[in-house]
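Subject: Structure handover and findings

Hello,

Please find the structure below, together with its sequence. My notes on it come after.

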Amino acid sequence: MFGRKLEPSDVFTPRSHDVNSIMYINRPEHEDALRRAIKTKYNVVVFGDSGCGKSWLYKKVFKDDNVFYDVVDFSGAVTADDVDLKLLEAISDFQDWAEFERTETGDASLGALKTKLGYKDATKWRKIDSSPFLQLLAHIRAAAGRRKSFLVLENLEYVLDQPEVVKRIQLMLLALDDPTAGELGVQLCLVGVPSEIKQILSDGNKFQTISNRVYEVPELNRMEKKEVELLARRGLEQQLDFTIESPTFCYSKIAFVTYQIPQYVHDVCLHVALRAEDAYNIVNPDVIEDALGDWLKANARQSTEFIRNWVMNDRSKHRTKAKIIYCISRLEKHFFTSEDIVEWLDKIFPKMMAERRPQVLRALRSLTEGEQRLLKCDAERRLFRVATPQIRSSLWIGLRLRGEEVSIKTGE
């Protein structure tokens, strides 16, 4: 009996809530670190760029190690009340009021008669006094039984600039030291993009105890090129049985344009697979190019428009900033310096560089300013990186060069 033919969306699952075990690439260093944290009973911080596999990491380890967990998504929380509402939503079947005493009157044998005559037992009620946080911990402990258990706070990058929410999370961490919460034995797993999660939550001497009880898993970063090839080959060749022409070029291109971010590898390979179905199950450089255009239209339109504004709004004589952005798109480094950009400017734009030597460091710093920033930089403002992986992928796919003129492909 033949099994059902796999569809591309069965294999490449960039936004799957559940771990795709067939297409999961092991992260031994991070998995081992998380397992150590579970054994130490510390609270855990899992951080890294969007799309790098933070959720799949903890879900994979928790499942393998039989750890019970419940997840609260912190995106959209602005106030402490928002936090309480999210905690209560996580236990939607929890009753806000609980019966604590029932008063019986008269002889028990009269029960049937009282019911027939419409009498009701006198019942007293009390409001549950514990906080939503403690209620949720109790709910998790009851569901977990004797298993180790975690409350996962997801998407903390959305709230770390909200003082009320940060204070509430600090208090939640400190509450775990109290006997009432401590005896429940539920740990917290804090998940988000910024590397400063632990630092922000430990800010101030009052909360020094927090830093002593939080274990940071090493930052999740992009995959190695060989891991990207393994993931793409496993899906395109082994699972979907496609024929790959010029495999070295095709897999290198996928690694390059996705910046080796797991979610983007899944995303781009999904579009490649859909194009390959229309090309007699063949993947070649033309299929890759068409798929990248599809990805721009379907998944990166906002990033593309963002880049377009930066490039097209440069109305200087030499359009220096647009040329610098193009040089950034050619870099394979995660962090880069102004010297790296100068080297590429000399290589790609010799005519402009012969006429004038631009102030590259000043231009790079201007790209880090404001909410709509293209770059991020370290504290010393000497090392730079693209603000998000999606913007970086969009730079690599979308920017075009004709002579010394820079333009952007929209995928239209």
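What follows is a summary of what was found, going from the whole chain to single residues.

Please keep in mind throughout that this is a predicted model.

Overall

The chain has 412 residues, and 46% of them count as buried. Its secondary structure consists of 20 helices and 13 strands. The accessible surface adds up to about 21800 Å², with carbon and sulfur atoms accounting for 49% of that. If one takes the contacts between residues at least 6 apart in sequence, 72% of them link residues at least 24 apart.

The sheet

One open sheet contains 5 strands, in the order β2-β5-β6-β1-β7, and the pairing is parallel. Its edges are formed by β2 (68–73) and β7 (214–216). Each of these two has a single partner strand, so one side of each has no neighbour in the sheet. On average, neighbouring strands are turned by 20° against each other, direction ignored.

Two of the pairings involve β5, which spans residues 149–154. With β2, strand β5 pairs in the parallel sense over 6 bridges. Here Phe 68 has Ser 149 of β5 as its bridge partner. With β6 (residues 186–192), strand β5 also runs parallel, and 5 bridges join the two. Ser 149 has a bridge partner in β6 as well, namely Val 186.

How much of β5 is buried? The count is 6 of its 6 residues, so the strand is largely enclosed by the rest of the structure. Ser 149, Leu 151 and Leu 153 point one way from β5, while Phe 150, Val 152 and Glu 154 point the other way. The residues on both faces are all buried, Glu 154 included.

A helix pair

Two packed helices are described by the angle between their axes and the distance between the axes. For α4 (residues 80–89) and α7 (residues 163–175), the angle is about 55° and the axes are 8 Å apart. That angle makes α4 oblique to α7. On the α4 side the contact involves Ala 80, Val 83, Asp 84 and Leu 87, and on the α7 side Glu 164, Val 165, Arg 168 and Met 172. By class, the residues of this contact are 5 nonpolar and 3 charged, with no polar ones.

Backbone angles

Most residues other than glycine have a negative phi. Two residues to look at in this respect are Gln 260 and Tyr 280. Gln 260 has a positive phi, near 60°, and sits in the loop between α12 (247–257) and α13 (262–277). Tyr 280 is not a glycine either, and its phi is positive at about 60°. The loop that holds Tyr 280 lies between α13 and β9 (282–283).

Are these two loop residues buried or exposed? Gln 260 has a relative accessibility of 8% and therefore counts as buried, the cut-off being under 20%. Tyr 280 has a relative accessible area of 77% and is therefore exposed, which requires over 50%.

Around helix α13

Cys 269 is located in helix α13. With a relative accessibility of 0%, Cys 269 counts as buried. Which residues does Cys 269 touch, leaving aside its neighbours within four places in sequence? Its contacts are Phe 12, Ala 232, Leu 236 and Ile 254. Thr 258 is 11 residues away from Cys 269 along the chain, and the C-alpha atoms of the two are separated by 9.7 Å.

Ala 273 is one end of a pair that is remote in sequence: Ser 9 and Ala 273 are 264 residues apart along the chain, with 8.9 Å between their C-alpha atoms. Ser 9 belongs to helix α1 (residues 8–11). With a relative accessible area of 47%, Ser 9 is partly exposed.

That is the end of the notes.

Regards

Terms used:
Residues are numbered from 1 along each chain as its sequence is written. This is a predicted model: local features need pLDDT of at least 70, side-chain atom pairs count only at pLDDT 80 or more; totals for chains, interfaces and linings use all residues. Side-chain values use heavy atoms; hydrogens and water are left out. Helices (H or I, at least four residues) and strands (E, at least two) are DSSP runs, numbered from the N terminus. Buried means under 20% relative accessible area, exposed over 50%, partly exposed in between (1.4 Å probe, protein chains only). Contact means heavy atoms within 4.5 Å. Accessible areas come from the Shrake-Rupley method with a 1.4 Å probe; for residues, only the protein chains shown count as cover. Axes are lines fitted to C-alpha atoms, for helices over the stretch in contact, and angles run from 0 to 180 degrees between N-to-C directions. Angles under 35 degrees count as roughly parallel, over 145 as roughly antiparallel, 65 to 115 as roughly perpendicular and the rest as oblique. Ala, Val, Leu, Ile, Met, Phe, Trp, Tyr, Cys and Pro count as nonpolar, Asp, Glu, Lys and Arg as charged, and the others, Gly among them, as polar. Two strands pair if DSSP finds at least two bridges between them.
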